[in-house]
Amino acid sequence: MRKIGILGGTFNPPHIGHLIMANEICDLFDLDEVRLMPTAIPPHKQLADTATAEQRLKMIELAVMDSDKLVSSAEEVNFGGVSYTVNTMQRLIEKEPDSEFYFIIGGDMVDSLHTWYRIDDLMEMVQFVGVGRPGTERKTTYPIQYANTPLIDVSSTLLRMKYAAGNTTAYLLPSAVDHYIRKEGLYGTSKDN
Ligand code: ATP
């Protein structure tokens with residue numbers, strides 16, 4: 001049995017919160033790898049001021065390029081449409097019947113699990129792992145495991161605000177991702193930077 005972690009999200013852009021949680025869960029649960037998987041169209045989020053799905057995937061590829069355990073997954077971007085996790089995981093389980101899947105979520109997502117499409121079916125398909133996030137509490141009515149990982153008070157929203165304001169973003173995300181954002185002129189940066 002291969003043990004595969006999945007960290008789904010919008011990654012608009014990816015940041016150290018994502019990377020640290022993925023690494024920590026990889027070690028704590030002795031996973032073979034953790035796949036960072038951007039949504040095509042997210043069901044619950046308005047992607048205003050956003051990068052395209054292809055750009056979000058590219059940023060993840062850059063973010064994990066120096067890691068041997070963290071990898072990018074184009075599963076949802078290539079499939080397209082609204083990305084419902086239950087459908088994605090059904091496809092992955094069919095493709096990889098000898099793998100066991102751990103679906104990693106931050107504390108804010110734990111709070112909203114009841115709104116997920118076919119959450120009860122999804123609960124049967126994967127092992128959920130919750131990660132603490134500043135401003136969220138550890139309470140859930142669902143049988144998920146919680147892991148003790150460092151609390152990282154960084155979000156993609158914070159980064160988008162910093163880019164728009166022209167503030168420094170150093171150390172909050174990998175420098176290769178930072179360079180890509182400035183090269184592409186994303187989030188209000190100027191292409192000339
Ligand atoms: P935004 O600010 O745009 O809402 P975000 O920073 O929450 O974005 P997402 O790509 O939506 O990033 O998050 C993907 C997954 O990672 C979600 O499960 C989210 O809860 C989790 N996550 C993101 N940042 C952190 C963090 N700093 N600590 C814990 N979990 C996090």
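Of the 19 residues that surround the ligand, those that come nearest are Gly9, Gly17, Gly106, Ser156 and Thr157, where a residue is near a molecule if its C-beta atom, placed from the backbone, lies within 6 Å of it. This is a predicted model, in which local features need pLDDT of at least 70 and side-chain atom pairs count only at pLDDT 80 or more, while totals for chains, interfaces and linings use all residues. Residues are numbered from 1 along each chain as its sequence is written.

The shell around the ligand divides into eight nonpolar, nine polar and two charged residues; here Ala, Val, Leu, Ile, Met, Phe, Trp, Tyr, Cys and Pro count as nonpolar, Asp, Glu, Lys and Arg as charged, and the others, Gly among them, as polar. At least two residues of this shell come from each of β1 (2-9), α1 (16-28), β4 (99-106), α5 (107-111) and α7 (156-165), and α1 gives the most, with three residues. Helices (H or I, at least four residues) and strands (E, at least two) are DSSP runs, numbered from the N terminus.

The strands form an open sheet of six with parallel pairing, in the order β3-β2-β1-β4-β5-β6, two strands being paired if DSSP finds at least two bridges between them. Because β3 and β6 stand at the edges with a single partner strand each, one side of each is left without a neighbour in the sheet.

Strand β2 (residues 33-38) has five of its six residues buried, so it is largely enclosed by the rest of the structure; a residue is buried if 20 or more other C-beta atoms lie within 10 Å of its own, exposed if 12 or fewer, and partly exposed in between, with C-beta atoms placed from the backbone. Six bridges join β1 to β2, and Gly5 has Val34 of β2 as its bridge partner. On the other pairing of β2, three bridges join it to strand β3 (residues 70-72), where Val34 stands opposite Leu70. Elsewhere in the sheet, five bridges join β4 to strand β5 (residues 127-131) in parallel, with Phe103 opposite Phe128 in β5.

Ala147 lies in strand β6 (residues 145-147), and with 17 C-beta neighbours inside 10 Å it counts as partly exposed. Leaving aside residues up to four places away in sequence, Ala147 touches Glu24, Ile25, Leu28, Val129 and Val131, a contact meaning that the C-beta atoms, placed from the backbone, lie within 7 Å. Val129 and Ala147 are 18 residues apart in sequence, and their C-alpha atoms are 6.8 Å apart in space.

Conventions. Contact = placed C-beta atoms within 7 Å.
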